[in-house]
Amino acid sequence: MCALAGGVGGAKLAAGLQAVLSPGDLSVVVNTADDFDLWGLRVCPDLDTVMYTLAGLANKETGWGVADESFGALGMISAYGEDAWFKLGDRDLATHVLRTQRLHAGTRLTTVTAGLAAALGVRSTLLPMCDEPVATVLKTPEGPLEFQEYFVRRQQREEVLGVELRGIESARVPVEVARSLFETEAIILCPSNPVVSIAPILAVPGMRELLAGRSVPTVAVSPIVGGRALKGPADRMLRSLGHEVSAAGVARMYEGLVDGFVLDRADRGEEAGVSGLGMRVRATDAVMRDEPDRERLAREVLSLCSELGAG
Ligand code: FO1
């Protein structure tokens with residue numbers, strides 16, 4: 001199976017899929033347009049969120065970062081007078097140090113990520129959407145803001161009026177992603193932000209064609225439940241960008257790409273609208289509060305994939 005994912009929501013479903021599939025049967029293609037450089041280090045928040053979650057190391061309260069973390073290095077950075085707005089923990093820092101060193105030595109992000117994930121015992125294949133740097137820059141009334149500046153430093157306060165993916169035209173689908181899409185029996189779009197997590201993956205030149213070229217079922221899970229985002233600013237972002245803030249609104253964004261759509265029981269009223277887009281709909285409990293929830297949702301998604309002809 002091949003899943004497309006952003007950060008926390010995507011990582012949770014990926015963990016559910018990993019738990020119910022045979023070891024090695026899952027690849028996760030992860031958004032890297034949130035990546036940025038901080039204090040000379042290359043930080044890849046979504047890749048790390050998925051990696052720590054699949055390794056069983058994630059901080060359960062935040063969903064990102066490592067469990068049992070300390071912030072000694074960050075305290076020292078503050079003591080030197082830096083604004084420590086992005087909370088890099090001591091254990092997490094090791095990941096960024098090694099990643100940066102290996103990237104500087106000329107190793108591709110795909111290879112670096114595979115090495116880090118294997119060392120942490122992750123039994124799925126973790127794939128960055130591309131090896132080239134891509135940066136999400138948001139158009140706001142305050143001017144253009146880099147993603148983490150908007151998301152963490154300014155706490156998503158500004159209205160998002162547009163999204164630019166800087167560097168996307170030079171990005172290429174890595175051979176490992178192409179292979180994984182070629183071999184998979186189904187493609188799953190995790191309940192991640194459709195605008196800043198899934199859209200950048202789909203925007204890598206050649207990615208949509210690869211997806212469309214496969215005649216396997218593609219199933220998406222709604223990140224919007226009862227008209228609100230499960231996490232993060234997706235609901236406000238959809239509204240300010242002119243999309244309908246509902247499960248059906250998300251389904252419409254995936255029209256032509258997706259054959260199956262999973263939405264929460266709370267949104268049963270939208271089933272007919274989604275079916276009208278040519279998608280088979282499954283209503284279930286789409287909110288993942290704990291590990292059993294993740295596994296149950298993963299089974300529902302896989303069962304919809306089988307119904308649509310996977311396997
Ligand atoms: N999110 C925050 O809201 N505040 C932070 O200080 C923060 C630090 C951080 C460090 C490492 C990492 O991998 C992720 C981190 N995140 C933090 C999460 C991250 O910025 C966002 O969740 C994603 O980029 C959105 O998908």
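Lys87 meets the ligand through its backbone: one of its N or O atoms there lies 2.9 Å from an oxygen atom of the ligand. That pair is a polar contact, meaning a pair of N or O atoms within 3.5 Å; within protein, one must be able to donate a hydrogen and the other to accept it, and residues adjacent in sequence count only if both atoms are side-chain atoms. Taken alone, the ligand exposes 540 Å², and the protein buries 90% of that. Those accessible areas come from the Shrake-Rupley method with a 1.4 Å probe; for residues, only the protein chains shown count as cover.

Before going on, please keep in mind that this is a predicted model, in which local features need pLDDT of at least 70 and side-chain atom pairs count only at pLDDT 80 or more, while totals for chains, interfaces and linings use all residues. Residues are numbered from 1 along each chain as its sequence is written, and side-chain values use heavy atoms, with hydrogens and water left out.

Two side chains also make polar contacts with the ligand. Asp46 places a polar side-chain atom 2.8 Å from a ligand oxygen atom, and Trp64 has a side-chain N or O atom 3.4 Å from a ligand nitrogen atom. Here are the contacts together.

| Residue | Protein atom | Ligand atom | Distance |
|---|---|---|---|
| Asp46 | polar side-chain atom | oxygen | 2.8 Å |
| Lys87 | backbone N or O atom | oxygen | 2.9 Å |
| Trp64 | side-chain N or O atom | nitrogen | 3.4 Å |

Now for the wider surroundings. There are 14 residues around the ligand, and Asp34, Asp46, Phe86, Lys87 and Gln148 come nearest. A residue is near a molecule or strand if one of its heavy atoms lies within 4 Å of it. By class, this shell has 8 nonpolar, 1 polar and 5 charged residues. Here Ala, Val, Leu, Ile, Met, Phe, Trp, Tyr, Cys and Pro count as nonpolar, Asp, Glu, Lys and Arg as charged, and the others, Gly among them, as polar.

Helices α2 (45-54) and α6 (147-153) each supply at least two residues of the shell, and the largest share, 4 residues, comes from α6. Helices (H or I, at least four residues) and strands (E, at least two) are DSSP runs, numbered from the N terminus.

The ligand sits in the largest pocket. A pocket is an open set of points on a 1 Å grid over the protein atoms alone, where a 1.4 Å probe fits, with protein on both sides within 12 Å along at least five of seven lines. A molecule sits in it if more than half of its atoms lie within 2 Å of its grid points.

Following the chain past α6 brings us to the loop between α6 and β8 (162-166), where Gln155 is placed. Gln155 has a positive phi of about 55 degrees although it is not a glycine, and a polar atom of its side chain lies 2.8 Å from the backbone oxygen of Val152. Gln156 belongs to the loop between α6 and β8 too, and its phi is also positive, near 55 degrees. Gln155 is exposed, with a relative accessible area of 51%, whereas Gln156 is buried at 14%. Buried means under 20% relative accessible area, exposed over 50%, and partly exposed in between (1.4 Å probe, protein chains only).

A few other sites round out the picture. Leu13, in helix α1 (residues 8-20), is buried at 0% relative accessibility. Pro133, in the loop between β5 (125-128) and β6 (135-140), is exposed at 60%. Gly278, in the loop between α12 (271-275) and β14 (280-284), is exposed at 58%; Gly278 and Gly256 are 22 residues apart in sequence, with 8.2 Å between their C-alpha atoms.

Key
On a 1 Å grid over the protein atoms alone, a cavity is a set of points where a 1.4 Å probe fits but cannot get out, and a pocket is an open set with protein on both sides within 12 Å along at least five of seven lines; lining residues have an atom within 4 Å of a point.
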